[in-house]
Amino acid sequence: QSQFVESGGGLVQPGGSLRLSCEAAGFNLGYYAIGWFRQAPGKEPEVVLCISGGGLTADYGDFVRGRFTISRDNAKNTVYLHMSSLVNEDTATYFCARRPYSYCSESVSHYGFWGHGTQVTVSS
């Protein structure tokens with residue numbers, strides 16, 4: 001069966017770094033646009049970054065610039081989210097998701113297949 005397994009979340013102090021992993025099983029994620037999303041308590045999910053089937057990346061918010069990057073390892077069938085200079089506002093559950101196209105979109109509704117998420121908590 002097709003699935004995502006997210007990992008790498010945890011408790012970090014402000015200014016710290018984390019690398020989240022999204023490993024796909026049952027399909028080749030290199031054929032699809034893969035997005036990282038996050039959902040803070042009481043808020044709607046928001047897109048963080050996306051990587052297209054061709055390896056192009058897209059961001060849709062100023063909060064990621066200079067701090068977050070997305071990458072893909074096709075041999076491991078895994079997409080990563082690298083986070084640094086973390087602040088309290090980054091606290092959220094982070095999800096990876098698949099769009100049924102090769103190109104990215106900023107719309108959450110365009111991604112139909114999701115992982116279960118990994119929790120990131122930034123606190124001193």
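Author: Before we start, one definition: two strands pair if DSSP finds at least two bridges between them. Also, keep in mind that this is a predicted model.

Reader: Okay, so how many bridges are there between β1 and strand β3?

Author: Strand β1 covers residues 3-7, and strand β3 covers residues 18-25. Two bridges would be enough to call them paired. These two pair in the antiparallel sense, and the number of bridges is five.

Reader: Which residue in β3 stands opposite Glu6?

Author: Glu6 belongs to β1, where the side chains alternate. Phe4 and Glu6 point to one face and are buried, while Gln3, Val5 and Ser7 point to the other and are not. Across from Glu6, in β3, stands Cys22.

Reader: And which residue does a disulfide join to Cys22?

Author: The structure holds two disulfides, and Cys22 is in one with an S to S distance of 1.9 Å. That's within the 2.5 Å cut-off, so the pair counts as a disulfide. The pair links distant parts of the chain, strand β3 and strand β9 (residues 92-99), 74 residues apart. The partner in β9 is Cys96.

Reader: Is Cys96 buried or exposed?

Author: Buried means under 20% relative accessible area. Cys22 has 0% relative accessibility, so Cys22 counts as buried. Cys96 has 0% as well, so Cys96 is buried.

Reader: What about Cys50 and Cys104: is their disulfide left-handed or right-handed?

Author: Their sulfur atoms are 2.1 Å apart. This pair links distant parts of the chain too, with Cys50 in strand β5 (residues 46-51) and Cys104 in the loop between β9 and β10, 54 residues apart. With 70 degrees about the S-S bond, the link of Cys22 and Cys96 is right-handed. For Cys50 and Cys104 the torsion is about -90 degrees, so that disulfide is left-handed.

Reader: Which pattern do the disulfides of the chain follow?

Author: Here you count the bonded cysteines along the chain. One bond joins Cys22 to Cys96, and the other is formed by Cys50 and Cys104. That gives the pattern 1-3, 2-4.

Reader: Changing topic, how many residues of the lining of the largest pocket are charged?

Author: The largest pocket has a volume of about 170 Å³. Its lining includes Arg38, Lys43, Glu44, Glu46 and Glu89, along with others such as Gln39 and Asn88. Asp, Glu, Lys and Arg count as charged. The lining divides into two nonpolar and three polar residues, and the charged ones number five.

Notes: Residues numbered from 1 in each chain as written. Predicted model: local features only at pLDDT ≥ 70, side-chain atom pairs only at ≥ 80, totals over all residues. Heavy atoms only, no water. Buried < 20%, exposed > 50% of the residue type's maximum accessible area, 1.4 Å probe, protein only. Helix = DSSP H or I, 4+ residues; strand = E, 2+ residues; numbered from the N terminus. 1 Å grid on protein atoms, 1.4 Å probe; cavity = no way out; pocket = protein on both sides within 12 Å on 5 of 7 lines; lining within 4 Å. Points joined across faces, edges and corners; volume = space filled by probe spheres on them.
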